[in-house]
Amino acid sequence: MLDGKMLPLASLFALALSTSLPLNASENTFSQAYSDYQNALKQGDNVQIEASAKRAFELGEAQYAKDSVDLANLAMNWANALNNLAKPNTPDGDIAAEKVKAYELYQLALSNYKKQYGTQAAELIDPLLGAAETAPKLITAKGLFEDAIEIAEKTTNKKLLADVKMATFHHLSNTRLYTSTVRNYAFEAYEIYKEILPENALDRVKATYIVGAVEYAERHDNKAIPLLLEVVKQFEALNYTHPYALSAHAYLVELFERQGKREESTAHCIAIGKMRPWADTQEQQPIFRTAPDYPVSYAKQGKNGFVTLNLTIDEMGFVRNPEVIESKGGMQFEKSTLKMIDKWRYAPKFENGKPVAAQTRVRIDYYIDKS
């Protein structure tokens, strides 16, 4: 049985006629390979999952017809395993070998599913998404995602539609193909999740974060704040550590600081400090920063310089007692830096579960490109 589907007898009879191996020996070999794959899944070992999925597929090629659903299922298993192991594409556009093979397998599964289920069947969505995620060209990926959305829209499964739209957003949002349509996929998915899922469902919380982050990026501060506050609230209730929770706090620090609401941002500075593991020698990094004003007279002269400060970050993440320990270029650079640094916010360090004041250092460079 493969993923709940009985092995077709016709394939077993065909195998008996086309191989010198006894039928039961072939069955045992394949059954063992597939059992190894299922055990690897339980253990969560991605390397073993890929190796066993590959062996099951290769043995399945001799056992099942090339256009069968069973072979398509095995292809999906191996493709998913390869996709999980694949490294990201390089900046030069080189595609990992695992993704190249995974794309080939997803296409095989897609072709077989079309023959079995039809060209608009919901069963096509998984191989379409897999092929889109491993496609060699971005425009190809976009088309595959759109095909998956079109099919999902014809089903009655709202959760499926939301998942497909969110997957499309995630893949295309940081690419040259990001458009208002892609942006809206995330918002449409979020509305569906709100309709069908409880407020503490992880998919809904993640979607709330995504929409809040988009509103933040578009500088819709009053829309972003309640969304990100909801994310923080739900992750605290779930007692679940997730990168989105840390990012939501960081966005809220900046949003409240942009609005001059320093007290509101303090709770989120403290929350970030509490979530981070601190090393004794670790320099603190600002969560919210502003750029210094370049002294007009120095700018006219084309003067460059720098200022290095020693700071105390108090228990609430405010900058205290800034001290110039080194500078170059003139006193105006120092004055501009000291005026700026008071607006910065940090996450306080934590010791034994409590926020503490700590020293850190920062260097501000002033540079005019004379080219």
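This is a short dialogue on reading a sheet and a pocket in a predicted model.

Me: How do strands of a sheet pair in general?

Reply: Strands of a sheet pair through backbone hydrogen bonds, and the pairing is either parallel or antiparallel.

Me: Which order do the three strands of the open sheet take here?

Reply: The order is E3-E2-E7. The pairing is antiparallel.

Me: Which strands are the edge strands?

Reply: Strand E3 (319–328) and strand E7 (358–366). Each of them pairs on one side only.

Me: How many bridges join E2 and E7?

Reply: Nine. Strand E2 covers residues 305–313. For one pair, look at Leu311: its bridge partner in E7 is Thr360.

Me: By what angle are neighbouring strands of this sheet turned against each other?

Reply: On average by 20°, with direction ignored.

Me: Which helix packs on the sheet?

Reply: Helix H15, residues 331–341. It touches E2, E3 and E7. The direction of H15 makes about 35° with that of E2.

Me: Now the largest pocket. How much space lies in it?

Reply: About 240 Å³.

Me: Which elements give two or more residues to its lining?

Reply: Three helices do: H11 (221–238), H12 (243–258) and H13 (262–275).

Me: Which residues should I find in the lining?

Reply: Begin with Val232, Phe235, Glu236, Asn239, Tyr240 and Thr241. Then find Ala245, His249, Ala271, Lys274 and Met275.

Me: How many residues of each class are in that lining?

Reply: Six are nonpolar, three are polar and two are charged.

Conventions:
Residues numbered from 1 in each chain as written. Predicted model: local features only at pLDDT ≥ 70, side-chain atom pairs only at ≥ 80, totals over all residues. Heavy atoms only, no water. 1 Å grid on protein atoms, 1.4 Å probe; cavity = no way out; pocket = protein on both sides within 12 Å on 5 of 7 lines; lining within 4 Å. Points joined across faces, edges and corners; volume = space filled by probe spheres on them. Helix = DSSP H or I, 4+ residues; strand = E, 2+ residues; numbered from the N terminus. Nonpolar A, V, L, I, M, F, W, Y, C, P; charged D, E, K, R; others polar. Pairing = 2+ DSSP bridges. Axes fitted to C-alpha atoms, helices over the stretch in contact; angles between N-to-C directions. Contact = heavy atoms within 4.5 Å.
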